[in-house]
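Work through these exercises with the model open beside you. Try each task before you read its solution.

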Amino acid sequence: LKKGLSCNVDLKGVLWDEIGGLENVKTEIHQAIEWPLLHPESLRRMDLAATKGVLLYGPPGCCKTTLVRAAATSSHVTFLSLSGAQVYSPYVGESERIISEAFQKARALSPSILFFDEIDSLVGKRSSGGGQSRVQERILATMLNEMDGIGTRLDQKTDVSRGQGKMKEHLSASAKEDGDQGQPSTIGSTNQYQACERNRLSDIDMSRVIVIGATNRPDMLDAAILRPGRLDRHIYVPPPDIEGRKSILNIQVSKMAARDIDIDCISNLTECFSGADIKNLCREAGLTAVRESSASGKLNADTLVVRQHHFVTALNTVKPSLSQNVLKQY
Ligand code: ATP
């Protein structure tokens, strides 16, 4: 998509099964993202406020983006994503327009997830002067304004026109059901009923947008974006522990022609590896197997397999991108 036109409607799906480990995080995401999008009325019945914004934070390469995609895939909602590079523009007012347009689109296509990757590059802490920081301030102001509007901007013409279309469909369906059931209805009570129903449906439609930000640098975010009603649900996505690494390795190795791989041994040797590093390691082991067969002149797709020693060789080149020092920040 061309920069400055719009944000992406992302169609690449991810299944929960493709994500290794992170069981607690998955549960938190089900509750914070899927429940409000899929079961707003159940939450309302229990007088529970629906989440409007979630911040996923943690070290790089540990699955933040992939988790959001999985939540969008499993809940079958629209997934819109926007990165800093798509937002920044040298033209005055253009960045704010892109942000506003993304929110409009998210509302029009709700239920939806609007995802800001590396959100610290968009709404970092306000600093002293500089052209970049002035743009950042305007982006922050626009985001705060838009987030405060989710669930309440029923009177605005721009973004709700589609929602109102949906509302009308709901209303005519409800009115028809009324008629079918042969319930007596005076004009007054029908109007009252319709007014209540309109409020109820519009509130549901409009609140079914969840804004999610992901960052490796939560300390760099402006405090205003983290306040209640904004990105107020904070979920830490940790690096994979030994069980997580086993799980990621099992997922990756199951996609390869592999024999006699000692998953426990490799998991032990990959402390401080992110999920992305483990994927890299598997890729490198696969390449090592191909290289070896090719060098011996026996490259054959039917017999080629990756084995434990290919992983051991790959471990000489693929190193962990994390360290205890990096992890201390979280
Ligand atoms: P960054 O902060 O650098 O943007 P991230 O935390 O958003 O990274 P992703 O982009 O989701 O990480 O993951 C990077 C790659 O590593 C993806 O290909 C993803 O599938 C893989 N990956 C990371 N963690 C896991 C995991 N737990 N299970 C399966 N794949 C994983």
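**Exercise 1. Decide whether C282 is buried or exposed, then check C282 for a disulfide.**

Solution. This is a predicted model.
Step 1: C282 has a relative accessible area of 2%. The cut-off for buried is under 20%. So C282 is buried.
Step 2: A disulfide needs two cysteine sulfur atoms within 2.5 Å. The count in this structure is zero disulfides.
Step 3: For C282, the nearest cysteine sulfur belongs to C265 and is 13 Å away. C282 is therefore in no disulfide, given the 2.5 Å limit.

**Exercise 2. Do the check for C62: which cysteine sulfur is nearest, and how far away is it?**

Solution.
Step 1: The nearest cysteine sulfur is that of C63, 8.2 Å away. Compare this with the cut-off of 2.5 Å. C62 is in no disulfide.
Step 2: Now look at accessibility. C62 has a relative accessible area of 4%, so C62 is buried.

**Exercise 3. Describe helix α3: its span, its buried residues and its packing partners.**

Solution.
Step 1: α3 covers residues 64-75, which makes 12 residues. From first C-alpha to last, α3 reaches 17 Å. That is close to the 16 Å expected at 1.5 Å a residue.
Step 2: Pick out the buried residues. They are K64, L67, V68, R69, A70, A71, A72 and S75.
Step 3: Find their partners. The buried residues of α3 pack against helix α1 (23-38) and the strands β2 (53-57), β3 (78-82), β4 (112-116) and β5 (209-215).
Step 4: Look just past the end of α3. There H76 takes a positive phi of about 55 degrees.

**Exercise 4. Which elements give two or more residues to the largest nonpolar core?**

Solution.
Step 1: Size the core. The largest nonpolar core has 27 residues. Among those with the most contacts inside this core are F103, F116 and I225.
Step 2: List the elements. Those giving two or more residues are β3, α5 (94-108), β4, α6 (131-149) and β5.
Step 3: Find the top contributor. α6 supplies the largest share, six residues.
Step 4: Look elsewhere. Another core, of 25 residues, lies apart from this one. Its members include I19, L67, I113 and I235.

**Exercise 5. Is D264 buried, partly exposed or exposed?**

Solution.
Step 1: Locate D264. This residue is in helix α10 (residues 263-268).
Step 2: Its relative accessibility is 41%, so D264 counts as partly exposed.
Step 3: Relate D264 to R245. They are 19 residues apart in sequence. In space, their C-alpha atoms are 9.1 Å apart.

Technical notes:
Residues numbered from 1 in each chain as written. Predicted model: local features only at pLDDT ≥ 70, side-chain atom pairs only at ≥ 80, totals over all residues. Heavy atoms only, no water. Helix = DSSP H or I, 4+ residues; strand = E, 2+ residues; numbered from the N terminus. Expected span 1.5 Å × (residues − 1). Buried < 20%, exposed > 50% of the residue type's maximum accessible area, 1.4 Å probe, protein only. Contact = heavy atoms within 4.5 Å. Core = buried A, V, L, I, M, F, W, Y, C linked by side-chain atoms within 4.5 Å.
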